[in-house]
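Please open the structure in your viewer and display it as a cartoon. The tour below proposes a series of selections and states what each one shows.

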Amino acid sequence: MNNKGPRDQYLIERYRRFLPVSDDTPVISLAEGSTPLLPAPRLGEQLGLELYFKLEGLNPTGSFKDRGMTLAVSKGIEEGAGAVICASTGNTSASAAAYAGRAGIRCIVIIPEGKITAGKLAQAITHGAEVLSVAGNFDQALNIVRAIVDKYPVQLVNSINPYRLEGQKTGAFEIVDSLGKAPDYLSIPVGNAGNINAYWKGFNEYREAGLLDSLPHMIGFQAAGAAPLVLGHPVDNPETIATAIRIGNPARGDQALDAAAASGGLIEAVTDDEIIAAYQLVASSEGTFCEPASAASLAGVIKKQSEGYFEEGDMVVCVLTGHGLKDPDTAISKGREVTHVAADLDEVVKILAL
């Protein structure tokens, strides 16, 4: 018999002992987390690795952002916030709007003009967010949001909100819970750089609690056209097909570099061609549809393996941060062409060469 109640579905309840909540914290949840850790045997065999994908696109709004948003909005309600605001290239806006709707509060979203995919914009609008599109990039949008928060009573829910990282660290807990240990390497896309810090924090807290013996090497990958941590300076006009990591001045960049260094890992860049190749490979070889930015984690593993970085049989977990339906335009434009044919059996069979 399953004796678990509905609240056990809530991330905050499952990991309450590790989170900054109290009995007074209202839990605003969409039953996030508990995402699968999927073995990838075909790709693993090709790469000589024990490979897994953490499918964060199976969170309620289709991305890892829900892990942090449940805590950020819950704490915001506890502290009296009547509205939340964020700058976003897409996933944060979708998540913030959903959780604000769940809480019954106002959500304001500032997006960079023309830099958000259709799937993500559709979510934010449908969940009731007030969306303003500014003629600038993400970093300029975030500067506007920060200035608003300094002057007006709204809560910022971007990753610079510390509660966001507190929620996102639970991804590391779930990986250890599934494997019984940490992987040798945790590969993750790096945009605003909050998630790599959150996972590193989570692994360390599990070790401090006696639930983990060793820590993984944290390896993060930026898109080559938006790689300030690799270049060593901000990128004024970041460009990449991986819109979720199209960020030129990461808010938590220094911390991300520290996490990579402390773990004996690295942060490097992968090209858009490498990202798209991995994006298509993970879908065709393992049946997993992720958005392009997610595939940066696999693209980086493929690149580093070609350089002899890993040992044979190393256990590697790639975090796939968002679902492929977030960006349908890229899926269609980069995928196989559709063959048009008359509604005639003989013609169909002829084309298929059956």
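The following stops visit a sheet, a helix lying across it, and then a further group of strands. Please bear in mind throughout that this is a predicted model.

**The six-stranded sheet.** Begin with the open sheet of six strands, whose order is β1-β2-β10-β7-β8-β9 and whose pairing is mixed. Select residues 37-39 (β1) and 266-270 (β9) to mark its edge strands, each of which pairs on one side only. Neighbouring strands of this sheet are turned against each other by 25 degrees on average, direction ignored.

**One edge in detail.** Next, select residues 217-223, which form strand β8; five bridges pair β8 with β9 in the parallel sense. Within this pair, I219 is found opposite L266 of β9.

**The helix across the strands.** Now add residues 296-306, helix α13, which lies across β2, β7, β8, β9 and β10. Its direction is at about 100 degrees to β9.

**An enclosed strand.** Move on to residues 106-112, strand β4. How many of the seven residues of β4 are buried? Six are, so β4 is largely enclosed by the rest of the structure.

**The partners of β4.** Select residues 83-87 to show β3, which runs parallel to β4 and is joined to it by five bridges; here A83 stands opposite R106. Adding helix α4 (residues 91-103) completes a right-handed β-α-β unit with β3 and β4. Then select residues 130-134, strand β5, which is also parallel to β4 and linked to it by five bridges. In this pair, I111 faces S133 as its opposite residue in β5. Finally, show helix α5 (residues 118-126), which forms a right-handed β-α-β unit together with β4 and β5.

Key. Residues numbered from 1 in each chain as written. Predicted model: local features only at pLDDT ≥ 70, side-chain atom pairs only at ≥ 80, totals over all residues. Heavy atoms only, no water. Pairing = 2+ DSSP bridges. Helix = DSSP H or I, 4+ residues; strand = E, 2+ residues; numbered from the N terminus. Axes fitted to C-alpha atoms, helices over the stretch in contact; angles between N-to-C directions. Contact = heavy atoms within 4.5 Å. Buried < 20%, exposed > 50% of the residue type's maximum accessible area, 1.4 Å probe, protein only. Right-handed = clockwise from strand over helix to strand, strands pointing away.
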